[in-house]
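Work through the exercises below with the sequence and the model open. Try each task before reading its solution.

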Amino acid sequence: MLPNELDDLYKDVILDHYRSPRNTKRLEDAHVKAHGLNPFCGDEVDLQLLLNGDGTIKEVGFQGRGCSISQASASMLTEELKSKTLEEAEALRKLFRRMMQGEKLTDAELEFLGSLEVLEGVRKFPVRIKCALLAFSTLEDGITEYKRKKRS
Ligand code: ZN
């Protein structure tokens, strides 16, 4: 299920989130909603964000199925999003993508990524990078759609 060569630290954190995903309650009255699919491996992620009046993220919900990396990264993302603004959420997504593309991040950037840094180990397995990015591209779709609706 997981590449054998993955370091033990990465494995432990990923498997813990995969077996006990966080924030899986569906938020029916969410402001931001999106569904993501990674056809390569059949991974699916549903993501919801409930916002506070000041625009910060109050609650995050995710449901999904698929490989351990896709589900663990979604679960880890939900933990990092709380109390961030949508702009910060987008910054987090961009930073995560840069890390997965092999860019060297500064200490401050790594600190902003928080626990998501652990997923850098997935980079050694190029076919799995799409799995790790699924929740993040789903987040992007949701925020784009939310902003589009707000404007119209
Ligand atoms: Zn996958």
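The model is predicted.

**Exercise 1. Is Lys147 buried, partly exposed or exposed, and which residue does its side chain meet in a salt bridge?**

Solution.
Step 1. The relative accessibility of Lys147 is 27%. Buried would require a value under 20%, and exposed a value over 50%. Lys147 therefore counts as partly exposed.
Step 2. The side chain of Lys147 forms a salt bridge with that of Glu90, with 2.9 Å from N to O. A distance within 4 Å is what the rule asks for.
Step 3. Glu90 belongs to helix H3 (residues 86–100) and Lys147 to helix H5, so this salt bridge ties together parts that lie 57 residues apart in sequence.

**Exercise 2. Describe the surroundings of Glu90.**

Solution.
Step 1. Glu90 is found in helix H3.
Step 2. Its relative accessible area is 16%. The cut-off for buried is under 20%, so Glu90 counts as buried.
Step 3. Leaving out residues up to four places away in sequence, Glu90 touches Ile143 and Lys147. Lys147 is also its salt-bridge partner.

**Exercise 3. Find the residue that forms a salt bridge with Arg93, and state where both partners lie.**

Solution.
Step 1. The partner of Arg93 is Glu140, and their closest N and O atoms are 3.4 Å apart.
Step 2. Arg93 sits in helix H3 and Glu140 in helix H5, so the pair links distant parts of the chain, 47 residues apart.
Step 3. Arg93 has a relative accessible area of 7% and is buried. Glu140, at 27%, is partly exposed.

**Exercise 4. How many salt bridges does the rule give, and what does the one between Arg26 and Asp46 tie together?**

Solution.
Step 1. The count comes to ten salt bridges.
Step 2. In one of them, the side chains of Arg26 and Asp46 meet at 3.8 Å, N to O.
Step 3. Arg26 is in the loop between helix H1 (8–19) and strand S1 (32–38), while Asp46 is in strand S2 (residues 43–51), so the pair ties together parts 20 residues apart in sequence.
Step 4. With a relative accessible area of 41%, Arg26 is partly exposed.

**Exercise 5. Describe the length and the bend of helix H5.**

Solution.
Step 1. Helix H5 covers residues 126–151, which is 26 residues.
Step 2. From first C-alpha to last, H5 reaches 37 Å, close to the 38 Å expected at 1.5 Å a residue.
Step 3. At Leu133, H5 bends by about 45°.

**Exercise 6. Which residues coordinate the zinc ion, and what is the geometry of the site?**

Solution.
Step 1. The zinc ion is coordinated by Cys41 (SG), Asp43 (OD), Cys67 (SG) and Cys131 (SG), at 2.1 to 2.3 Å.
Step 2. The angles among the four donor atoms are 101 to 118°. For a tetrahedral site, all angles must lie between 85 and 135 degrees. The site is tetrahedral.
Step 3. Along the chain, the donors follow the spacing C-x1-D-x23-C-x63-C.
Step 4. Cys41 lies in the loop between S1 and S2, and Cys67 in the loop between strand S3 (57–65) and helix H2 (68–81), so the pair ties together parts 26 residues apart in sequence.
Step 5. Cys41 is partly exposed at 33% relative accessibility, whereas Cys67 is buried at 13%.

Terms used:
Residues are numbered from 1 along each chain as its sequence is written. This is a predicted model: local features need pLDDT of at least 70, side-chain atom pairs count only at pLDDT 80 or more; totals for chains, interfaces and linings use all residues. Side-chain values use heavy atoms; hydrogens and water are left out. Helices (H or I, at least four residues) and strands (E, at least two) are DSSP runs, numbered from the N terminus. The expected span of a helix is 1.5 Å times one less than its number of residues. The bend at a residue is the angle between axes fitted to the seven residues ending there and the seven starting there. Buried means under 20% relative accessible area, exposed over 50%, partly exposed in between (1.4 Å probe, protein chains only). Donors are N, O and S atoms within 2.8 Å of the metal (3.2 Å for Na, K and Ca); water is not among the atoms, so sites may look incomplete. Four donors count as tetrahedral if all angles lie between 85 and 135 degrees; four count as square planar and six as octahedral if opposite donors are over 155 degrees apart and all others between 65 and 115; anything else is irregular. Contact means heavy atoms within 4.5 Å.
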